[in-house]
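Q: Could you take me on a close look at the aromatic rings and the nonpolar interior of this protein? I would love one connected walk through that part.

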Amino acid sequence: PLLIVEQGAVIKQTAAEIAGTLAPYFRLCSELWFHDKYFRLLNAKYCETLGACLAEIPAEKRKEIRCQIHSCENQRAPHQREFSTDIVGKLIPEGITIEWFHWAEKQGGVPFHDRYLLTEAGGVSLGDGFSAEGPGKTVNVQLIAKPIYEITRERIVPEASTYELKDKFRI
């Protein structure tokens with residue numbers, strides 16, 4: 001073969017390790033879709049990872065980035081639109097706008113459980129998600145196959161009927 005690429009890795013579940021592993025996507029791609037049922041701005045573990053990931057985007061690319069976060073209603077982490085503008089201001093580099101989509105699963109429908117980073121160039125699965133749980137925990141990171149990538153992206157556009165869009169806002 002001309003090129004051998006690792007398909008997956010087990011990494012420490014820290015913000016720095018997650019951001020470093022995904023850094024090529026942040027440097028090369030302009031569409032970044034974070035897909036994690038439990039993603040919340042009021043949770044410091046997610047904020048830390050989001051800040052580390054966005055810091056990997058070169059300053060000259062920040063205005064062209066289309067960043068989205070897709071989360072879902074669940075009992076463990078209720079949706080809250082409110083967040084500290086001080087915290088978010090420190091996390092989000094100047095020039096980047098984030099669109100937040102908050103979904104609800106439909107009765108008997110497709111679960112919104114898997115965690116991904118989706119881009120225009122493909123996607124990566126993060127087994128336990130984007131929360132920075134610390135160096136004592138690990139997360140499995142794997143490239144995802146094109147059919148999984150395409151199906152997942154199709155499910156989380158506002159026109160899709162797979163999930164019910166409960167809220168959408170910009171930060």
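A: Phe169 is buried in this predicted model, because its relative accessible area of 8% falls under the 20% cut-off. Its ring partner Trp100 counts as buried too, at 3% relative accessibility. The two ring centres lie 6.0 Å apart with the planes at 5°, so Trp100 and Phe169 form a stacked pair. This pair joins distant parts of the chain: Trp100 belongs to strand β4 and Phe169 to strand β8 (residues 163-170), 69 residues apart.

Strand β8 also holds Tyr163, which pairs with Phe112 from the loop between β4 and β5 (116-119), so parts 51 residues apart in sequence are tied together. Here the centres are 5.0 Å apart and the planes stand at 70°, so the pair is edge-to-face. Phe112 and Tyr163 are both buried.

Now step back a little. The structure holds 10 aromatic pairs, and ring pairs link Trp100 and Phe169 into a cluster with Phe26, Phe34, Phe39, Tyr46 and Phe130. Phe34 and Phe130 turn up again in the largest nonpolar core, where they are among the residues with the most contacts, along with Leu22 and Ile98. That core has 34 residues, and the elements supplying at least two of them each include α1 (15-28), α2 (44-55) and β4 (98-105). Apart from it lies another core of 11 residues, including Cys72, Phe101, Tyr116 and Ile144.

Ile98 brings us back to where we began: among the residues it touches are Leu50, Leu54, Ile69 and Phe169.

One last ring to look at is Trp33, with the charged end of Arg153 sitting over it, 3.9 Å from the ring centre.

Key:
Residues are numbered from 1 along each chain as its sequence is written. This is a predicted model: local features need pLDDT of at least 70, side-chain atom pairs count only at pLDDT 80 or more; totals for chains, interfaces and linings use all residues. Side-chain values use heavy atoms; hydrogens and water are left out. A nonpolar core is a set of buried Ala, Val, Leu, Ile, Met, Phe, Trp, Tyr and Cys residues joined through side-chain atoms within 4.5 Å. Buried means under 20% relative accessible area, exposed over 50%, partly exposed in between (1.4 Å probe, protein chains only). Helices (H or I, at least four residues) and strands (E, at least two) are DSSP runs, numbered from the N terminus. Contact means heavy atoms within 4.5 Å. Rings of Phe, Tyr and Trp (its six-membered ring) pair if their centres lie within 6.5 Å; planes under 30 degrees apart count as stacked, over 60 as edge-to-face and the rest as tilted. A charge sits over a ring if NZ of Lys or CZ of Arg is within 6 Å of the ring centre and within 35 degrees of the ring normal. Lists of a residue's contacts leave out its neighbours within four places in sequence.
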